[in-house]
Amino acid sequence: MENLELFEGSLPVERITNAWYDKYRNSNYGAIITFVGVVRDENKIDGLSFDIYEPILNNWFNSWEEKAKELKAIVLMAHSRGDVLNHESSYIAAVCSPKRRVALELIDEFVEDFKAQAPIWKYDILNGNRIYAEDRSTAIKGSGLLS
């Protein structure tokens with residue numbers, strides 16, 4: 001998928017966001033809004049680790065591409081697989097739109113829906129072990145949580 005990129009380990013934030021900017025800045029979008037998620041140093045973890053179920057993620061992302069298209073906008077996303085240490089990025093989302101208000105509203109909806117619906121399972125990295133972060137996980141509609 002052109003607008004959805006998956007990476008092993010932490011994201012090269014500058015490379016991704018600069019590439020998106022370079023690609024879309026001449027496309028007559030008046031707003032390019034980017035959200036960068038950074039792993040926080042909390043609960044004595046060393047970082048986070050991620051598993052992704054790509055077929056469902058692709059379907060989820062496709063539905064967002066269609067929603068954005070109706071608003072003459074584009075959604076972009078990059079996410080990590082595997083381990084991402086504290087203070088590194090695991091998630092970047094962006095919206096390109098001719099109008100700032102559309103982009104501001106869409107990025108908020110996109111990020112919130114991602115947190116609630118995307119098939120990405122999160123693990124804490126603690127003393128070199130991956131521990132499923134069940135307390136911070138949201139069940140995907142129609143499925144159960146992994147154990």
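## Exercises on a strand-and-helix fold

Ile52 stands opposite Ile120, a residue of strand E6. We'll start from that spot and work outwards. This is a predicted model, where local features need pLDDT of at least 70 and side-chain atom pairs count only at pLDDT 80 or more, while totals for chains, interfaces and linings use all residues. Residues are numbered from 1 along each chain as its sequence is written, and side-chain values use heavy atoms, with hydrogens and water left out.

**Exercise 1. Work out which strands E3 pairs with, and in which sense.**

Step 1: Fix the rules. Helices (H or I, at least four residues) and strands (E, at least two) are DSSP runs numbered from the N terminus, and two strands pair if DSSP finds at least two bridges between them.

Step 2: Take E6, residues 120–126. It pairs with E3 through 6 bridges, in the antiparallel sense, and the Ile52–Ile120 match belongs here.

Step 3: Now try E4. There are 4 bridges between E3 and E4, again antiparallel. Leu48, for instance, has Val84 of E4 as its bridge partner.

Step 4: Check the burial of E3. Buried means under 20% relative accessible area, exposed means over 50%, and partly exposed is what lies in between (1.4 Å probe, protein chains only). Of the 6 residues of E3, 5 are buried, so the rest of the structure largely encloses this strand.

**Exercise 2. Describe the overall layout of the chain: its elements, their order and its dimensions.**

Step 1: Count the elements. You should get 3 helices and 7 strands.

Step 2: Read them off in sequence order. The pattern is β-α-β-β-α-β-β-α-β-β.

Step 3: Look at the extent. The C-alpha trace spans about 50 × 35 × 25 Å along its principal axes.

Step 4: Test against the globule rule, 2.2 Å times the number of residues to the power 0.38, with the radius of gyration taken over C-alpha atoms. For 147 residues a compact globule would come out near 15 Å, and the chain's 16 Å agrees with that.

Step 5: Add burial and contacts. Buried residues make up 42% of the 147. A contact means heavy atoms within 4.5 Å; of the contacts with a separation of 6 or more, 70% are between residues 24 or more positions apart.

**Exercise 3. Find the members of the largest nonpolar core that touch the most other members, and the elements that supply the core.**

Step 1: Define the set. A nonpolar core holds buried Ala, Val, Leu, Ile, Met, Phe, Trp, Tyr and Cys residues joined through side-chain atoms within 4.5 Å.

Step 2: Rank the members. The largest core has 28 residues, and Trp60, Val75, Met77 and Phe110 touch the most other members.

Step 3: Sort by element. Two or more residues each come from E2 (31–38), E3 (47–52), H2 (54–70), E4 (74–85), E5 (89–97) and H3 (100–117). H3 gives the largest share, with 6 residues.

Step 4: Spot the other core lying apart from this one. That core has 13 residues, including Trp20 and Ile74.

**Exercise 4. Characterise the ring pair formed by Trp64 and Phe110.**

Step 1: Set the test. Rings of Phe, Tyr and Trp (its six-membered ring) pair if their centres lie within 6.5 Å; planes under 30 degrees apart are stacked, over 60 edge-to-face, and the rest tilted. The model has 9 such pairs.

Step 2: Apply the test. The Trp64–Phe110 pair has 5.3 Å centre to centre and 90° between the planes, which is edge-to-face.

Step 3: Place the two rings. Trp64 sits in H2 and Phe110 in H3, 46 residues apart, so to speak a link between distant parts of the chain. Both residues are buried.

Step 4: Widen the view. Ring pairs join Phe35, Trp60, Phe61, Trp64, Tyr91, Phe110 and Phe114 into a cluster.

**Exercise 5. Compare two loops: are Leu71, Asn43 and Lys44 buried, partly exposed or exposed?**

Step 1: Leu71 lies in the loop between H2 and E4. At 39% relative accessible area, Leu71 is partly exposed. Leaving out neighbours within four places in sequence, Leu71 contacts Val102 and Leu106.

Step 2: Asn43 is in the loop between E2 and E3, and so is Lys44. Asn43 is exposed at 57%, and Lys44 is exposed at 74%.

Step 3: Check the backbone. Neither is a glycine, yet phi is positive: about 55° for Asn43 and about 60° for Lys44.
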